[in-house]
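Reader: I should be grateful for a close look at the salt bridges of this structure. Please describe which residues take part and where they lie.

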Amino acid sequence: MSVSVLAALVVAAVFAATGITIRNDGSGTPWFAPRSVEEPGVAGYGREQLANACTIMVAGRDLGLDERDQTIAVMTAMGESSLRNIDYGDWETSGVTNPDGSRTTSIGLFQQQDSWGTREARLDPYTAAGIFYRAMTRRVPDRATTEPTIVAHLTQINADPSHYARYWDAAARVVASLNATPLQEDDRADGIPLCPAA
């Protein structure tokens with residue numbers, strides 16, 4: 001084997017290990033193209049949504065809450081906003097009112113109303129998650145033995161106690177992926193900042 005062939009094989013192996021593809025356009029001159037970077041995605045949730053889920057998890061960790069509590073919070077935000085930090089809520093989208101007939105004022109990841117905090121607090125994902133966790137620990141002290149959708153319901157007071165149940169499996173996939181232990185092979189959380197925590 002010639003030295004030039006051996007050198008070419010070594011270079012190819014090095015670039016292959018780093019994810020760079022060596023191509024030749026037929027002119028005899030190779031060019032190098034980085035491997036395409038796949039967008040993160042888990043259970044149908046993309047980069048922005050996964051970053052919001054990560055923030056929710058970090059807020060829970062900072063309060064000393066375990067992975068189940070974090071998954072409940074992620075599930076709740078999925079059910080409320082699809083993990084999007086939106087500045088409008090049920091009144092604007094579908095005319096939903098409170099039981100007393102007043103307009104709802106829900107905003108943010110958890111669609112929290114005015115009584116939950118200032119507009120700024122409710123639109124800050126980390127702060128809104130902290131508000132949710134504090135309400136959850138206060139309102140559902142026996143949450144470890146309570147069905148997740150009921151924990152979310154008792155915290156949020158949704159009209160349908162079972163509303164959040166449909167999001168549990170997706171929340172578990174998102175939390176596992178953000179903890180670097182994806183449950184499915186195609187779940188990708190690459191490049192999401194802050195997760196997993198050090």
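Author: In this predicted model, a search of the whole structure finds five salt bridges. Three of them are described here, among them two that link separate parts of the chain.

Side chains of opposite charge can pair when their charged atoms come close. Asp69 and Arg143 form such a pair, with 3.0 Å between the closest N and O atoms. Asp69 belongs to helix 3, whereas Arg143 sits in the loop between helix 6 (125–139) and helix 7 (148–156); the two residues are 74 apart, and their pairing links distant parts of the chain. Asp69 has a relative accessibility of 6% and therefore counts as buried. Arg143, at 14%, also counts as buried, because the cut-off for burial is under 20% relative accessible area.

A further salt bridge joins the side chains of Glu48 and Arg84, at 3.8 Å from N to O. Glu48 lies in helix 2 (residues 47–62) and Arg84 in the loop between helix 3 (67–81) and helix 4 (90–94), so this pair ties together parts that are 36 residues apart in sequence. Glu48 is partly exposed, its relative accessible area being 47%. Arg84 is likewise partly exposed, with a value of 37%.

Arg188 and Asp190 form another of the salt bridges, their closest N and O atoms lying 2.9 Å apart. The relative accessible area of Arg188 is 24%, which makes this residue partly exposed. Asp190 is partly exposed as well, at 41%.

Terms used:
Residues numbered from 1 in each chain as written. Predicted model: local features only at pLDDT ≥ 70, side-chain atom pairs only at ≥ 80, totals over all residues. Heavy atoms only, no water. Salt bridge = Lys/Arg side-chain N within 4 Å of Asp/Glu carboxyl O. Helix = DSSP H or I, 4+ residues; strand = E, 2+ residues; numbered from the N terminus. Buried < 20%, exposed > 50% of the residue type's maximum accessible area, 1.4 Å probe, protein only.
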